[in-house]
Amino acid sequence: MIKYHIPPIDLEKEENWINNYIRHGWRLKRIRFFKYEFTPKKTDIPLKPGEIEPDEDAFLIRCDARSFKTKADFQEYITFLLDAGWRHVKGDWRQDIHYFERISPNASEELFSDDASKSARYMRQAKIWLASFFVIAAFSCSYFLTIPYHLQDLLNIKAQYLTPGLWEMEGISFWSALLFETPFALVRSGAFNLLILAFTLLTLGRLLYCLAKAYTLSRKVK
Amino acid sequence: MNRNKYLPLTETTFYILTALLVPGHGYAVMQEVENLSSGKVRVAAGTMYGALENLQSQGLIAPVPGPDKRRKLYQTTSLGREVLHSEAERLRYLAGVADRLKL
């Protein structure tokens with residue numbers, strides 16, 4: 001079974017979304033971008049070296065957010081979690097959200113057992129968003145500075161198509177010329193600028209959400 | 001050096017430092033904490049990983065060379081042992097007061 005889904009900002013919600021399928025007899029096989037592949041619980045997923053035979057009653061997904069300086073540190077991290085009964089399903093070692101599948105019924109049902117470490121997870125997630133915010137913000141600044149835009153151009157996208165005689169063409173030649181020029185017209189009209197701006201604000205929003213979550217949880221710690 | 005800045009220790013930290021008086025890797029520490037506390041303290045894997053990271057950056061535990069590259073061995077440092085000792089004194093004193101007052 002394949003499901004497409006945009007991961008929510010809150011990792012707890014992401015876990016709940018996946019675990020809902022697991023409760024209904026599915027097992028998470030892999031994630032690629034927005035594509036989540038589930039297989040029936042009985043299916044054997046080939047074991048990697050060192051992995052134990054999973055217990056299907058144990059299946060649950062939990063997430064962590066972590067970055068590593070070296071691949072060896074990452075190896076050490078997933079080996080430790082595997083010892084504790086968690087199989088690494090997805091996550092790049094440099095900087096990512098890591099998905100773990102609980103494969104031993106002896107492991108606790110949570111990956112984090114106190115509010116301090118739950119708060120720390122949101123803090124690490126915020127750090128990841130901060131890094132991507134810097135990249136996106138730098139890109140959008142340089143973009144806004146180099147490409148002139150005027151708000152009134154946005155209202156008249158048609159005028160941004162510069163192919164001579166475009167609007168008099170017909171059939172295939174019209175559509176291919178239109179499609180070819182659309183990206184350029186969007187850039188000229190400033191619609192692309194707005195898109196980049198929206199993306200920058202979205203990243204900032206995610207960053208602030210994670211910070212707020214980390215803060216509320218840390219206040220619960222005695 | 002002001003040892004008191006580490007005190008009081010959380011129950012989890014106390015058990016981890018105690019477990020690591022002999023060298024051990026992450027999962028062994030998780031099991032030892034459960035044994036020492038007679039099953040009362042169960043630290044989840046992600047929390048344990050973060051706790052070991054924090055204790056290492058505080059200098060209370062340190063990695064020691066071991067046979068397996070994929071499983072880091074840790075041991076309580078001399079600073080960690082001093083802190084553990086101060087904490088034990090503090091707890092003994094409290095327990096003494098509790099006994100005297102028949103609490």
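I will talk about how chains A and B touch, then about a sheet in chain B, and then about the nonpolar cores.

Please keep in mind throughout that this is a predicted model.

Let me start with the contact, to which chain A contributes 19 residues and chain B contributes 14. On the chain B side, the elements that supply two or more residues are α2, residues 26-36, and α3, residues 45-57, and of these α3(B) gives the most, with five residues. If we sort the chain B residues of this contact by character, we find six nonpolar, four polar and four charged.

Turning to the sheet in chain B, we have three strands in an open arrangement, ordered β1-β3-β2 and paired antiparallel. The edges are formed by β1, residues 24-25, and β2, residues 61-64, each of which pairs on one side only. Between β2(B) and β3(B), the latter covering residues 73-76, there are four bridges, and across this pairing B:I61 stands opposite B:T76.

Now to the nonpolar cores, where the largest has 44 residues, and the members that touch the most others are A:L81, B:I16, B:A45 and B:M48. Both chains give elements with two or more residues to this core, including α1 (11-23) and β4 (61-67) of chain A and α4 (78-100) of chain B, while the largest share, six residues, comes from α3(B). As for B:I16, leaving aside residues up to four places away in sequence, its contacts are B:V29, B:V33, B:A51 and B:L55. There is also a second, separate core of six residues, among them A:W129, A:L207, A:C210 and A:L217.

Terms used: Residues are numbered from 1 along each chain as its sequence is written. Chains are lettered from A and ligands numbered from 1 in the order in which they are written. This is a predicted model: local features need pLDDT of at least 70, side-chain atom pairs count only at pLDDT 80 or more; totals for chains, interfaces and linings use all residues. Two residues are in contact if their C-beta atoms, placed from the backbone, lie within 7 Å. Ala, Val, Leu, Ile, Met, Phe, Trp, Tyr, Cys and Pro count as nonpolar, Asp, Glu, Lys and Arg as charged, and the others, Gly among them, as polar. Two strands pair if DSSP finds at least two bridges between them. A nonpolar core is a set of buried Ala, Val, Leu, Ile, Met, Phe, Trp, Tyr and Cys residues joined through C-beta atoms within 7 Å. A residue is buried if 20 or more other C-beta atoms lie within 10 Å of its own, exposed if 12 or fewer, and partly exposed in between; C-beta atoms are placed from the backbone.
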